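Dear colleague,

I am handing over the structure below, and I would ask you to keep it open while you read the notes that come after it.

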Amino acid sequence: MAKVLVVEDDPSARRLISFTLEEAGYHVLTANNGSEGLEKAQSEMPDVIVMDVMMPVMAGFEACLRLKELPTTAQIPILVLTAKSQPSDKTYSLMAGADDYLAKPAPPEEIVNRVKALLMRKKP
């Protein structure tokens, strides 16, 4: 069972995303901000990370950059899932190291499909 880390500061959104991924058969871990997500990614080594951008303590862009700089977490695919939906937001996400980008609100099946695609790309 693939392990997915959901990094989201909004409790309602975190529960909804977690439930959606659990229903699809994934083992879900959660973090409340980018700093906590960075720590959990290093200790738990998830297969995929779903990351919000606008969070307290450490924003998603910075967390992405740091995760991609660390040899232990650099290969973990990151899906940025954010309410920021301007073309420049997608560009910044990808430049920060995100492997995919999805604007909120996103249909639950689209979140699952994006996670599944990232997992398929990760396999040798």
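What follows is a description of the sheet, then of the helices beside it, and lastly of an aromatic pair.

Please bear in mind throughout that this is a predicted model.

The sheet is a good place to begin. It is open and is formed by five strands, which follow one another in the order β2-β1-β3-β4-β5 with parallel pairing. The edges are taken by β2 (27-31) and β5 (100-103), each of which pairs on one side only. From one strand to the next, the twist averages 20 degrees.

Going through some of the strand pairs, β1 and β3 are joined in the parallel sense over four bridges, and here Val 6 stands opposite Val 50 in β3. Between β3 and β4 the pairing is again parallel, over three bridges, and Ile 49 has Ile 78 in β4 as its bridge partner. Strand β4, which covers residues 78-82, pairs with β5 in the parallel sense over four bridges, and Thr 82 is found opposite Ala 103 in β5.

Two helices can be described together with these strands. Helix α2 (residues 34-44) packs on the sheet, where it touches β1 (3-7), β2 and β3 (48-51), and its direction makes about 165 degrees with that of β1. Helix α3 (residues 60-69), for its part, lies across β3 and β4 and runs at about 160 degrees to β3. Taken as a unit, β3, α3 and β4 make a right-handed β-α-β arrangement.

Strand β3 deserves a second look, and one may ask which residues of β3 are buried on its two sides. On one side they are Val 48 and Val 50, and on the other Ile 49 and Met 51, so that both faces of β3 are covered, buried here meaning under 20% relative accessible area.

The last finding concerns aromatic rings, for which the count comes to one pair. Phe 61 and Tyr 92 form this pair, with 6.3 Å centre to centre and 75 degrees between the planes, and the pair is classed as edge-to-face because its planes are over 60 degrees apart. It links distant parts of the chain, since Phe 61 belongs to helix α3 and Tyr 92 to helix α4 (residues 87-95), 31 residues apart. Are these rings buried or exposed? Phe 61 is partly exposed, because its relative accessible area is 21%, and Tyr 92 is likewise partly exposed, with a relative accessible area of 48%.

With kind regards

Technical notes:
Residues are numbered from 1 along each chain as its sequence is written. This is a predicted model: local features need pLDDT of at least 70, side-chain atom pairs count only at pLDDT 80 or more; totals for chains, interfaces and linings use all residues. Side-chain values use heavy atoms; hydrogens and water are left out. Two strands pair if DSSP finds at least two bridges between them. Axes are lines fitted to C-alpha atoms, for helices over the stretch in contact, and angles run from 0 to 180 degrees between N-to-C directions. Contact means heavy atoms within 4.5 Å. Rings of Phe, Tyr and Trp (its six-membered ring) pair if their centres lie within 6.5 Å; planes under 30 degrees apart count as stacked, over 60 as edge-to-face and the rest as tilted. Buried means under 20% relative accessible area, exposed over 50%, partly exposed in between (1.4 Å probe, protein chains only). A crossover is right-handed if, with the strands pointing away from the viewer, the path from the first strand over the helix to the second runs clockwise.
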